[in-house]
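Dear colleague,

I am passing on the structure we spoke about, together with some notes on what turned up when I went through it. Please open it alongside this message and read the two together.

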Amino acid sequence: LLRYILIRENIQLVHSHQATSTLANEAIVYASELGLASVYTDHSLFGFDDLASVILNRVLKTTLSTVGAVICVSHTCRENLIMRTNIDPTMVHAIPNAIDATQFTPADPGKLPYTRALAGRSER
């Protein structure tokens with residue numbers, strides 16, 4: 001079905017997320033087989049020492065062997081992914097999730113129109 005959609009919709013780029021998603025891994029493999037560009041974004045920090053992580057890391061290593069680029073949401077995530085999959089570091093780019101601290105300040109709780117009490121919940 002996914003292959004059919006990629007062909008029918010004339011998809012040029014496949015962008016997948018999340019190592020545990022079978023659909024994401026399948027989409028990357030189909031992209032490779034169809035000669036499409038592909039990018040993978042990683043948000044996770046999986047380990048190295050438990051069986052589930054070992055298996056997942058091997059699957060991801062195979063899947064990522066065909067992508068054009070990998071995006072990680074932090075520098076720590078980038079280093080973790082490179083160690084887990086032994087992927088070429090020049091293919092892995094960190095684009096951190098960020099907040100401009102000069103433009104963000106927490107709201108004054110006393111001025112919020114919606115509080116836990118209004119939601120019918122006790123204050124903690």
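Before the findings, one term: a nonpolar core here is a set of buried Ala, Val, Leu, Ile, Met, Phe, Trp, Tyr and Cys residues joined through side-chain atoms within 4.5 Å, where buried stands for under 20% relative accessible area. Please also bear in mind that this is a predicted model, and that the values below are computed from it.

The largest nonpolar core has 14 residues, and those touching the most other members are Y40, L64, V70, L81 and V92. Two or more residues are given to this core by each of α3 (51-64), β3 (69-72) and α4. A second core, separate from that one, has six residues, with L2, V14, A31 and L36 among them. As background, nonpolar side chains tend to be buried together in soluble globular proteins.

To see the surroundings of one core residue, you might start from L81, which, once its neighbours within four places in sequence are set aside, is in contact with D42, L60, L64, V70, C72, N86 and V92.

One of those contacts, N86, also deserves a look for its backbone, since its phi is near 55 degrees, a positive value in a residue other than glycine. N86 sits in the loop between α4 (75-85) and β4 (92-94), and it counts as exposed because its relative accessible area is 61%, over the 50% cut-off. Phi of N10 is likewise positive and near 55 degrees; this residue belongs to the loop between α1 and β1 (13-17), and its 55% relative accessibility is why it is classed as exposed. For context, most residues other than glycine have a negative phi.

In strand β1 I would point you to S16, which is classed as buried because its relative accessibility is 3%. A polar atom of the S16 side chain lies 3.2 Å from the backbone oxygen of A24. With neighbours within four places in sequence left aside, the residues in contact with S16 are A24, A27, I28, V39, Y40 and T41; Y40 in this list is also one of the residues named above for touching the most other members of the largest core.

Finally, on the surface, L1, Y4 and I5 make a nonpolar patch of about 350 Å², and Y4 of this patch lies in helix α1, which covers residues 2-8.

With best wishes

Definitions and conventions: Residues numbered from 1 in each chain as written. Predicted model: local features only at pLDDT ≥ 70, side-chain atom pairs only at ≥ 80, totals over all residues. Heavy atoms only, no water. Patch = residues over 30% accessible without salt bridge, like charges linked within 9 Å, V, L, I, M, F, W, Y side chains within 5 Å. Areas by Shrake-Rupley, 256 points an atom, 1.4 Å probe, with all protein chains shown as cover. Salt bridge = Lys/Arg side-chain N within 4 Å of Asp/Glu carboxyl O. Helix = DSSP H or I, 4+ residues; strand = E, 2+ residues; numbered from the N terminus. Buried < 20%, exposed > 50% of the residue type's maximum accessible area, 1.4 Å probe, protein only. Contact = heavy atoms within 4.5 Å. Polar contact = N/O pair within 3.5 Å; in protein donor to acceptor, adjacent residues only side chain to side chain.
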